[in-house]
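Colleague: Could we go through this model together?
Modeller: Certainly; here it is.

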Protein chains: 2
Amino acid sequence: MSEEHQVTTTHNGRVTMQQVAAEAGVSVSTVSKVINGRYGVASETSEHVNAVISRLGYEASLVARSLRNTRTNVIGLLVMDFEPFSTEVLKGAADAIRGSGFELVAYSAGGGVDDHIGWESRALSRVMGTLVDGAVLVTPTVTDVRHTGPVVAVDPHTGRSSLPTVTSDNLQGGRLAVDHLLGLGHRRIGMITGRPDLSSAELREQGYRDAHAAAGVPVDESLLVLGGYDPEQAREASRTLLTMAEPPSAIFAANDISALATLEVAAELGIDVPGRLSVVGFDNIPESALADPPLTTVQQPMRQLGHDAVAMLIALISGAEIEDTHLTLETTMVARGSSAAVGR
Amino acid sequence: MSEEHQVTTTHNGRVTMQQVAAEAGVSVSTVSKVINGRYGVASETSEHVNAVISRLGYEASLVARSLRNTRTNVIGLLVMDFEPFSTEVLKGAADAIRGSGFELVAYSAGGGVDDHIGWESRALSRVMGTLVDGAVLVTPTVTDVRHTGPVVAVDPHTGRSSLPTVTSDNLQGGRLAVDHLLGLGHRRIGMITGRPDLSSAELREQGYRDAHAAAGVPVDESLLVLGGYDPEQAREASRTLLTMAEPPSAIFAANDISALATLEVAAELGIDVPGRLSVVGFDNIPESALADPPLTTVQQPMRQLGHDAVAMLIALISGAEIEDTHLTLETTMVARGSSAAVGR
DNA sequence: ATCGATGTGGAAAACGTTATCGACAACGAT
DNA sequence: ATCGTTGTCGATAACGTTTTCCACATCGAT
């Protein structure tokens with residue numbers, strides 16, 4: 001018996017197309033055709049080659065294939081870190097990828113996050129066009145990115161950006177929160193505002209104003225205090241509001257972090273929540289459900305963000321011309337224990 | 001001025017090494033040497049080439065590089081789906097990857113999960129040796145996998161497996177839970193057991209027995225009822241236990257899912273928890289903290305699992321011979337409102 | 001002047017695929 | 001008999017890197 005047919009594995013341990021061809025007694029061209037179902041191979045040989053393939057357990061090298069073709073059928077999702085927000089987005093993205101013919105891989109910047117600025121650009125240019133056909137960028141604040149290919153940003157804060165974006169409707173969310181409080185009878189509503197450089201903060205504040213305007217309630221400017229999305233600063237702001245001569249009966253914080261700080265300050269001052277003070281936050285982070293009392297807040301549709309981002313990305317990759325590349329998704333109220341009717 | 005230096009981009013939009021070489025007036029070999037810091041190129045030309053590289057924004061194609069080299073310096077993490085458990089593991093893995101020189105990518109099976117059996121094998125053989133140097137497998141139950149390279153499984157259930165495994169100590173966790181109840185004075189402790197085919201269930205039950213033995217409390221076999229990790233079956237089991245002639249004062253469920261079912265049944269029957277019945281679960285899923293009352297449970301060190309799995313994988317990739325390839329990590333008690341001293 | 005060192009650069013093969021194109025046989029039609 | 005036609009298959013050139021090896025020049029020493 002000839003030992004010619006002996007399968008010699010590569011140093012890698014992988015079976016290569018060469019080996020399949022040799023074992024089947026045909027050329028690599030033929031094997032390739034069989035695999036890709038190209039026309040021009042007798043059904044007889046096709047079956048034989050397939051038999052050899054499964055016997056040897058051959059799997060095509062994705063790397064070689066990607067080098068030859070330009071498409072990889074993989075889309076990447078880049079996150080700075082796996083915190084709750086990006087994790088939820090990731091889940092939504094995973095849902096959307098089903099049956100699309102694409103695969104999803106998630107990259108964390110973790111590897112070498114020496115300087116935060118520009119990591120997106122670098123990570124992107126590394127993978128784009130070689131490992132993935134397009135990318136979803138999940139980032140706290142989008143710095144502008146020179147992109148080599150289709151990119152969609154999921155960004156809770158920036159809003160408008162030069163690249164296609166899916167974001168949640170911060171304006172509507174702010175309105176929702178304040179409408180909720182107005183509906184409970186509150187008329188003096190304080191607000192702890194967010195980071196002034198982020199459009200999300202600006203929009204949430206605008207929502208606060210719009211809700212007041214729509215209800216015909218004048219805004220007392222002294223009730224808006226800067227919290228900067230920062231717990232310490234928010235604590236300070238809460239103290240300012242709650243020790244006023246005529247303190248508000250409710251506080252809308254631009255951020256759950258800030259809202260939780262407000263709850264702490266209220267507890268320190270012996271102010272009962274929601275008896276004497278209602279508090280509403282924004283984001284619905286996991287801690288909020290566990291707070292005492294559980295925090296009423298505005299929920300961002302995080303999974304939906306991920307879902308719509310990959311849907312949009314796939315459309316872009318397929319060469320479709322999208323009319324509006326800025327999607328904003330609606331937020332929802334999550335009413336919990338920290339808000340109640342005024343003067344109860 | 002000559003237009004020779006005009007940069008012609010590929011169809012891909014990427015700058016290639018050819019273009020850099022042409023622009024710099026050297027050969028591709030030289031460019032490659034400069035990039036990889038090989039010996040044999042004058043510092044003068046080196047600087048010049050580097051200047052051209054940054055001017056053109058060149059980034060090496062990872063695909064081509066991977067095809068040539070056998071190492072990719074990427075490790076993959078395969079999950080069936082992004083549920084809470086695998087997500088936490090992922091976070092731990094991301095932590096462990098920092099500064100290791102590797103990058104982490106996460107694959108979800110989502111793409112084509114037509115048949116669940118064997119998806120691990122197929123996904124693995126697709127990426128292994130071409131896209132990644134090794135993989136961490138996060139899977140509900142490890143089916144044995146023919147692996148082409150270094151693989152570490154993170155498996156909450158199977159325990160012993162042919163491949164290197166990181167798992168949590170189910171035996172110790174079971175003891176912990178029952179010790180907690182014994183410490184509260186309970187002497188008749190029911191158990192809702194898990195799926196009999198999983199070693200995790202077996203070990204948790206053994207922990208139950210060990211704790212009893214250590215405390216010198218005899219085990220009443222009629223207090224062990226099969227729950228099978230399934231909510232409906234667990235509900236049934238709870239009813240059986242709570243309607244006995246001499247019902248237990250506490251129940252240890254092999255699973256948070258089962259424990260929550262027990263809470264529901266107790267509520268239906270008008271049994272006060274923790275007044276007349278203490279309940280302890282296992283896993284600490286997110287819902288448990290939100291249950292009424294919040295569930296006392298045993299927490300698996302999920303992040304640590306991920307962390308140790310990549311640490312082990314990196315060691316394996318580096319060719320280290322590991323003495324013990326089966327790591328089991330300790331669990332911890334999370335005491336919440338569903339357990340209290342007996343007969344309070 | 002000639003010979004080896006030494007320093008610098010490029011040509012070419014290889015990694016594992018896929019696509020193009022041509023070779024060759026078989027065969028029915030003229 | 002000759003000529004397209006059709007069906008089957010294989011050689012070969014890419015894709016963008018890295019590495020090995022060879023060529024050439026310069027220079028100090030005999």
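Colleague: How do the residues of the surface near DNA strand C divide?
Modeller: They divide into 10 nonpolar, 13 polar and three charged. Ala, Val, Leu, Ile, Met, Phe, Trp, Tyr, Cys and Pro count as nonpolar, Asp, Glu, Lys and Arg as charged, and the others, Gly among them, as polar. This is a predicted model: local features need pLDDT of at least 70, side-chain atom pairs count only at pLDDT 80 or more, and totals for chains, interfaces and linings use all residues. Residues are numbered from 1 along each chain as its sequence is written, while chains are lettered from A and ligands numbered from 1 in the order in which they are written.

Colleague: Which residues come nearest to DNA strand C?
Modeller: Of the 26 residues around the strand, these are Met17(A), Ser61(A), Ala64(A), Ser27(B) and Ser29(B). A residue is near a strand if its C-beta atom, placed from the backbone, lies within 6 Å of it.

Colleague: Where does the largest share of that surface come from?
Modeller: H2(A) supplies it, with five residues. Helices are DSSP runs (H or I, at least four residues), numbered from the N terminus.

Colleague: Changing topic, is Ala261(B) buried or exposed?
Modeller: Ala261(B) counts as buried because it has 26 C-beta neighbours inside 10 Å; the cut-off is 20 or more other C-beta atoms within 10 Å, all placed from the backbone. Ala261(B) lies in helix H10 (residues 256-268) of chain B.

Colleague: What is Ala261(B) in contact with, leaving aside its neighbours within four places in sequence?
Modeller: Its contacts are Pro231(B), Ala234(B), Arg235(B) and Ser238(B), a contact being two C-beta atoms, placed from the backbone, within 7 Å.

How values were computed: Helices (H or I, at least four residues) and strands (E, at least two) are DSSP runs, numbered from the N terminus. A residue is buried if 20 or more other C-beta atoms lie within 10 Å of its own, exposed if 12 or fewer, and partly exposed in between; C-beta atoms are placed from the backbone.
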